[in-house]
Amino acid sequence: MNLSVVGGAGYVGLVTGVGFAALGHSVVCQDVDEVRINALRTGHHSIYEPDMDRLLRENLARGRLHFTTSLREAIRHGEIVVIAVGTPARANGEADLSQVVHVAEEVACEARDGYQVIVVKSTVPVGTMELLRTILSQRKVEGKQVDVVANPEFLREGKAFRDFFSPDRIVIGSSSPRALTLVRDLYAPIVRRAVPPDAGGRPDASQVPVIETDLASAQMTKYAANAFLAMRISFINEIAVLCERSGADVRQVVRGLGYDPRIGAAYLSPGLGFGGPCLEKDLHALIKVAEGHQFDPTVLRATLERNAQQTVEVVGKIKRMAGGILNHRLIAVYGLAFKAFTNDLRNSMALRVIHALQTEGANIRVHDPMALPSARAQCPDLMCCDDPYDAAVAADVLVVATEWPEFRELDYARIKAGMRNPCIVDGRNLLDPTELRRLGFRYAGVGIPTE
Ligand code: UGA
């Protein structure tokens, strides 16, 4: 198939474009960001994602993947035009749909002769698809027919190709049987688990479930999924605080919870609160949708409130470790990315904690195995250390803010020897409290009893 991805230099867009090219389709990725597009043409990109380098370069070399800044070229190329542009939050929390609407207007003008399908992967509130249909029908041109499909994306940063080639489910929403058939065909090899391993597939006996819905339900599924995940994190963070106050250990509690199949163990790691570009933004957008319907979504609000409170909890813990005062204390922070296996700093809770510490006068030194180049560009005031041991020298408290596994492998006796006070606040429960206490550290985790 000929396929175009608009917003093709962004996270979702690039993974989608590269992924479908790896399945043998002819893909044009379009983006307004000329610098990124030029880099991508030569196989270069700035995101950290396993398999991206290999799949990008292989598919460029095979001539199945092209990059352009011309929206017209992209629209003319694709039987299917995937929209993966951003829907950033406006100041009031609403999703800004201007980029999605702009693409739909362009498709209405530039559509190929015959039949074309617009697949919306961008996360857009319920009702947006109707708006797109209206735009397309108002400008309908003789001999051209365009249908819209809502196909929300569930991929996680750091596991994007795993999620693309082996998704847990595929949700396709449309009122057009013809469009549904086309998109079903597009996903057929993924559904049958027929993706070759060298292209990212994982053989499995069962087919990937495909959920075909109406437009509104597909969009709501995406928001509900992210809201539910966020709610689980807020829930376990609340339980973690209760564990600390009452002498229980949240790690044992999670094991006890996880074996109940109605609950499951995934997504119950307490920490600094949920960060990243999606969960919080989508919660705000869903709350706006609710308000638009004169409905007060109390669970969604509480989820956000609890998340904001978690930063306060962690900062309080660091302050107590620092002796009740942060002014002129030196805090070493391990981890800046919003989670491990990404260099993405968007809405990073590590940065939120750092800002709160700085507000109280603390000096900060940071180390991250992957995110330092982005940090140097985006936060020039931060003192970044390439070496984790340098970051901890003379520190009053060491904070683990991102769950990079390599932090477990460090020589903590050496770290302790360099620190002014051997104190660790492990905001991800990544390290071994028993071992660190044996070495002479004061250690505080999240939801773990203190010594
Ligand atoms: C999230 C969803 O997991 C994806 O399914 C969805 O497609 C994506 O948003 C999106 O809407 O595009 P992502 O933002 O990549 O994916 O990150 P997650 O892995 O969900 O983590 C989000 C945040 O929650 C991170 O800060 C992470 O550290 C935190 N988290 C996650 C916890 O604190 N505890 C957990 O148990 C899990």
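1. A residue is taken as near the ligand if one of its heavy atoms lies within 4 Å of it. This is a predicted model. By that cut-off, 19 residues surround the ligand. The closest are Leu155, Lys222, Asn226, Tyr267 and Arg428.

2. Among secondary-structure elements, helix H9, residues 215–246, gives the most to the shell around the ligand. Its share is four residues.

3. Backbone atoms also approach the ligand. A polar backbone atom of Gly275 is 2.9 Å from an oxygen atom of the ligand. For Leu268, the distance from a polar backbone atom to a ligand oxygen is 3.3 Å. For Glu153, a backbone N or O atom lies 3.4 Å from an oxygen atom of the ligand. On its own the ligand has 710 Å² of accessible area, and the protein covers 91% of that.

4. A separate point concerns Asp31. This residue sits in the loop between strand S2 (26–30) and helix H2 (34–41). Not counting residues up to four places away in sequence, Asp31 touches Gly7, Gly8, Ala9 and Gly10, along with Ile37, Thr68 and Thr69.

5. Asp31 is buried but has no salt bridge. Which side chain of opposite charge is nearest to Asp31? That side chain belongs to Arg36, and it is 5.6 Å away. A salt bridge requires a side-chain nitrogen of Lys or Arg within 4 Å of a carboxyl oxygen of Asp or Glu, and the 5.6 Å to Arg36 leaves Asp31 without one.

6. The side chain of Asp31 does have a backbone partner: it reaches the backbone nitrogen of Asp33 at 3.0 Å.

How values were computed. Residues numbered from 1 in each chain as written. Predicted model: local features only at pLDDT ≥ 70, side-chain atom pairs only at ≥ 80, totals over all residues. Heavy atoms only, no water. Helix = DSSP H or I, 4+ residues; strand = E, 2+ residues; numbered from the N terminus. Buried < 20%, exposed > 50% of the residue type's maximum accessible area, 1.4 Å probe, protein only. Lys, Arg positive; Asp, Glu negative; His and termini not counted. Polar contact = N/O pair within 3.5 Å; in protein donor to acceptor, adjacent residues only side chain to side chain. Contact = heavy atoms within 4.5 Å. Areas by Shrake-Rupley, 256 points an atom, 1.4 Å probe, with all protein chains shown as cover.
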